[in-house]
Amino acid sequence: MDTTQLLKGVLDLAVLAVLRDEDGYGYDILRRLRAAGLQEVGDASVYGTLRRLYANGFLNTYVVPSDEGPHRKYYALNAAGRAELERNGKTWRAFASIMDDLTRERGTA
């Protein structure tokens with residue numbers, strides 16, 4: 001199965017989940033997603049998702065100066081983002097449960 005197609009449908013949820021406990025800048029968020037097992041996620045997809053989530057009012061941003069290079073734009077989950085994460089998380093868990101039931105091997109009787 002092509003997991004890149006699955007990932008397109010859940011990348012918003014994955015990014016919100018990564019930001020639940022700790023703010024992050026673009027590359028840091030990408031690194032955390034890959035460390036969680038989503039190696040197929042592309043740079044452009046994550047940056048586009050961050051822009052869309054920000055435009056939709058789910059994230060706040062702030063800039064942190066860096067001594068080692070350009071300033072970094074950090075993304076933080078706000079109250080609307082937390083509500084979206086909770087809502088979409090429930091939807092995902094229900095969907096995943098249905099798919100698990102459908103695809104689980106059944107004993108023959």
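After helix α2 comes G37, whose phi is positive, near 120 degrees. Helices here are DSSP runs of H or I with at least four residues, strands are E runs of at least two, and both are numbered from the N terminus. The model is a predicted one, in which local features need pLDDT of at least 70 and side-chain atom pairs count only at pLDDT 80 or more, while totals for chains, interfaces and linings use all residues. Residues are numbered from 1 along each chain as its sequence is written, and side-chain values use heavy atoms, with hydrogens and water left out.

Within α2 itself, the residues G26, D28, I29, L30, R32 and L33 are buried. Buried means under 20% relative accessible area, exposed means over 50%, and partly exposed lies in between, with a 1.4 Å probe and protein chains only. The cover over the buried residues of α2 includes α1, β1 (24-25), α3 and β3. Packing and touching are meant here as contact, that is, heavy atoms within 4.5 Å.

**Helix α1**

Helix α1 has 16 residues, but its end C-alpha atoms are only 19 Å apart, short of the 22 Å that a straight helix would reach at 1.5 Å a residue. The expected span of a helix is 1.5 Å times one less than its number of residues. There is also a kink of about 65 degrees in α1, centred on V10. The bend at a residue is the angle between axes fitted to the seven residues ending there and the seven starting there.

The buried residues of α1 are L7, L11, L13, A14, V15, L16 and V18. They pack against α2 (26-35), α3 (43-55), β2 (59-64), β3 (72-77) and α4. L16 is one of the buried residues of α1. Leaving aside neighbours within four places in sequence, L16 is in contact with L53, F58, L59, L77, G81, E84 and L85.

**Helix α4**

Why does the span of α4 agree with 1.5 Å a residue? Its 25 residues should span 36 Å, and its end C-alpha atoms are 36 Å apart. The buried residues of α4 are G81, E84, L85 and G89, and they pack against α1 and β3. E84 counts as buried because its relative accessibility is 15%. Not counting residues up to four places away in sequence, E84 touches L16, F58 and G89.

**Four residues and their accessibility**

The table lists residues from three helices with their relative accessible areas.

| Residue | Helix | Relative accessible area | Class |
|---|---|---|---|
| L16 | α1 | 1% | buried |
| D43 | α3 | 39% | partly exposed |
| E84 | α4 | 15% | buried |
| S97 | α4 | 39% | partly exposed |

D43 touches L30 and R34, not counting residues up to four places away in sequence. D43 and V63 are 20 residues apart in sequence and 20 Å apart in space, C-alpha to C-alpha. L16 and V64 are 48 residues apart in sequence, and 20 Å lie between their C-alpha atoms. For S97 and L11, the separation is 86 residues in sequence and 19 Å in space, again C-alpha to C-alpha.

**The largest pocket**

A pocket is found on a 1 Å grid over the protein atoms alone: it is an open set of points where a 1.4 Å probe fits, with protein on both sides within 12 Å along at least five of seven lines, and its lining residues have an atom within 4 Å of a point. The largest pocket holds about 230 Å³ of space. Grid points are joined across faces, edges and corners, and the volume is the space filled by probe spheres set on the points.

Which residues lie nearest the centre of the largest pocket? They are L13, A14, A17, G89 and W92, out of 13 lining residues. Helices α1 (3-18) and α4 (79-103) each supply at least two residues of the lining. The most comes from α1, with 6 residues.

By type, the lining divides into 9 nonpolar, 1 polar and 3 charged residues. Here Ala, Val, Leu, Ile, Met, Phe, Trp, Tyr, Cys and Pro count as nonpolar, Asp, Glu, Lys and Arg as charged, and the others, Gly among them, as polar.
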